[in-house]
Amino acid sequence: MHVIGTAGHVDHGKSTLVEALTGIDPDRLKEEKEREMTIDLGFAWIKNKDHQEEIGIVDVPGHRDFIENMLAGVGGIDLALLVIAADEGVMPQTREHLAILDLLEIRGGIVAVTKIDLVDDPDWLELVELEISETLSNTVLENAEIIPVSAVSGKNIDRLLESIWQQLSNIGEKPDKGQPRLPIDRIFSISGFGTIVTGTLIDGHLKLGDQIEVQPEGLRGRIRGLQTHQTKIEMARPGSRVAVNLSGIAKNDISRGSVLTHLGTLSPTLLCDAKYNHLIDTSFPLKHNTEVKFFVGADEIVARVRIIGDKQINPGQSGWIQLALRQPIAVARGDRFILRRPSPPATLGGGLILDPQPGRRHKRYSGQVAQKFSTLEAGSPEDILLLALQRNEPISIEKVYEISGLDAEVAENAWISLTADEKIALINDEAYSSDGWHSLATNLRSIVSSYHINHPLRIGISREELRSRLNLSGQHFNHLLNEIEDTGEILLSGNMVRLPEFEISFTEQQKQRLDQMSTLFLGRGVNSPSVKETKAMVGDDVYMALVDLNRLIQINQEVVYLTDTYRDLERTIVDYLNANGSINAGQTRDILGTSRKYAIALLEFMDSNLITERKGDDRLLKRDSRS
Ligand code: GDP
């Protein structure tokens, strides 16, 4: 399917020519009829020579004030029909439209010199054609055929049609990336049907009943009806003009420029990295931080330009930019765009989206950033996919395909070769670059090792703290941790992570206090010093270290024992239970020669460790603890 777009100065006869070609009056708005001027997009269609294909025609407004409406329509076209009136020749909007077609790199074009019935002098016509040739040189339309026509007399209309068919058959079909996008250029509602949107479909098919999403709004709905050129269809093909009847989305919730896609295939963005060409006709350079109007697809957004790697971009030069958008948009890599100055309005230049999800603001003069841009501009599919992965990891395969902007098949092949080269680590359903994954491992080890330096009295860092410092999901963290543990570079003990070579070492002074503490504990036996007293004696840090090292066991808020002492007490209770079947708090107190406070603390601790279980006032041995 193909779409033609008209271009040219106001009143040069675009709409009249479309009607002469198709029999359809593209000026659909009443206001247009009254002013006899196309202010919004008009639509018509013709059959090709063998009547096998319908060709859509988008008639764009030529008036200076409405040039921005032209941009909404010109995006998806295959062929431009540049209309120039024979009596006036090349005019300002002829040049401006031509510049836009050039920036958008429209694949083909034909120039129709209209109103030749108004020109008697053949020399005049020759002069006009010469002027046109000069204007077209060094543009995408440089080799375009120039056909003199009259919509009034019908002269050469057949020749123009022949030329259109010929050109379109050379252009071939639109690419099908398997990810349909419909930049919405009109929205209306019809009672009984609800919301209808129109646009030129790119990159894939849409079918009746498809679940769809409108971005950047993120609204979801379903395709209830599909039409192309006022004919009902079951499936719309890439490159066709489509009207979609939506259920589940209200007319007022979306606007021109939004994009209709399948679910989860396109995400909104507030930043875009791009290659930009500044028009040679502008009299000033594009400067850093300039506020511009950004036109892409059928959308128009105010944006600020960040110039990367240079101070400014001079007329006729190209450069790298990052666009910081005032509102989110939905674009893909490879989309073409135009920048205009808001006031006084003028086209500045245009270019190609290199990365629709750069994720962060770039430093302007960083070697790394320059490297990224040149890879995006010239790299292989593998380079581009890997870069998209690295900048967004961890990320699902579908998502990284989307961000890379590569065709589904190209992306898949690049993925296979990256996997074969071991450049990708797939963790559950998400991917990291191998480099990214290895640097996480390096980070993990260095966090553990600096933790040891900063906390010489801690046995290691807790898993949770380590996870949150690495900012990883639980699943990915566990995967990473187990992988590094397998290499023997870290040790896991319970909840703690440490380097294998690390040992807690005490100072001489701390050692002395420890000796005093041990003597005191040994002297007191079951009636041990309290947690508070012990901490006061050795200090909080040392106390924690002793617990981590398993030299002290704290059994509740108040009671703590030397580990050996506790084991003896536990053994005594278990022996008693083996001999007697049950024990209560009073009996425990008596056999250990202590107070109820210690007896109850011990029994509760043993309950919580599943050695004993409570039944009324008694404790019994838990079945699997019996010996
Ligand atoms: P647009 O603004 O480029 O779409 O121009 P229109 O199609 O609205 O045409 C502008 C005016 O030129 C209208 O009054 C048309 O009737 C007239 N016109 C268009 N084509 C021809 C032509 O081939 N011959 C003559 N004599 N008049 C034309």
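Me: Before we start, which residue types count as nonpolar, charged or polar here?
Reply: Ala, Val, Leu, Ile, Met, Phe, Trp, Tyr, Cys and Pro count as nonpolar. Asp, Glu, Lys and Arg are the charged ones. The others, Gly among them, go down as polar.

Me: So how does the shell around the ligand split by class?
Reply: Keep in mind that this is a predicted model. The ligand is surrounded by 16 residues, and the closest are Asp11, Lys14, Thr16, Asp117 and Ala151. Sorted by class, the shell holds four nonpolar, seven polar and five charged residues.

Me: Which side chain has a polar atom 3.1 Å from an oxygen atom of the ligand?
Reply: Let's set the backbone cases aside. Glycine 13 has a polar backbone atom 3.0 Å from a ligand oxygen, and serine 15 has one at 2.9 Å from a ligand oxygen. The side chain you're after, at 3.1 Å, belongs to lysine 115.

Me: And how much of the ligand does the protein bury?
Reply: Start with the ligand on its own: it exposes 580 Å². Of that area, the protein buries 81%.

Me: Moving to the helices, how are helix 11 and helix 13 oriented to each other?
Reply: Helix 11 covers residues 434–454 and helix 13 covers residues 474–487, with axes 11 Å apart. They pack at an angle of about 75 degrees. Angles of 65 to 115 degrees count as roughly perpendicular, so helix 11 and helix 13 are roughly perpendicular.

Me: What classes of residue make that contact?
Reply: Helix 11 contributes residues including Trp437 and Arg445, while helix 13 brings Phe477 and Glu483, among others. The contact of helix 11 with helix 13 divides into eight nonpolar, two polar and two charged residues.

Notes:
Residues numbered from 1 in each chain as written. Predicted model: local features only at pLDDT ≥ 70, side-chain atom pairs only at ≥ 80, totals over all residues. Heavy atoms only, no water. Axes fitted to C-alpha atoms, helices over the stretch in contact; angles between N-to-C directions. Helix = DSSP H or I, 4+ residues; strand = E, 2+ residues; numbered from the N terminus. Parallel < 35°, antiparallel > 145°, perpendicular 65-115°, else oblique. Contact = heavy atoms within 4.5 Å. Near = heavy atom within 4 Å. Polar contact = N/O pair within 3.5 Å; in protein donor to acceptor, adjacent residues only side chain to side chain. Areas by Shrake-Rupley, 256 points an atom, 1.4 Å probe, with all protein chains shown as cover.
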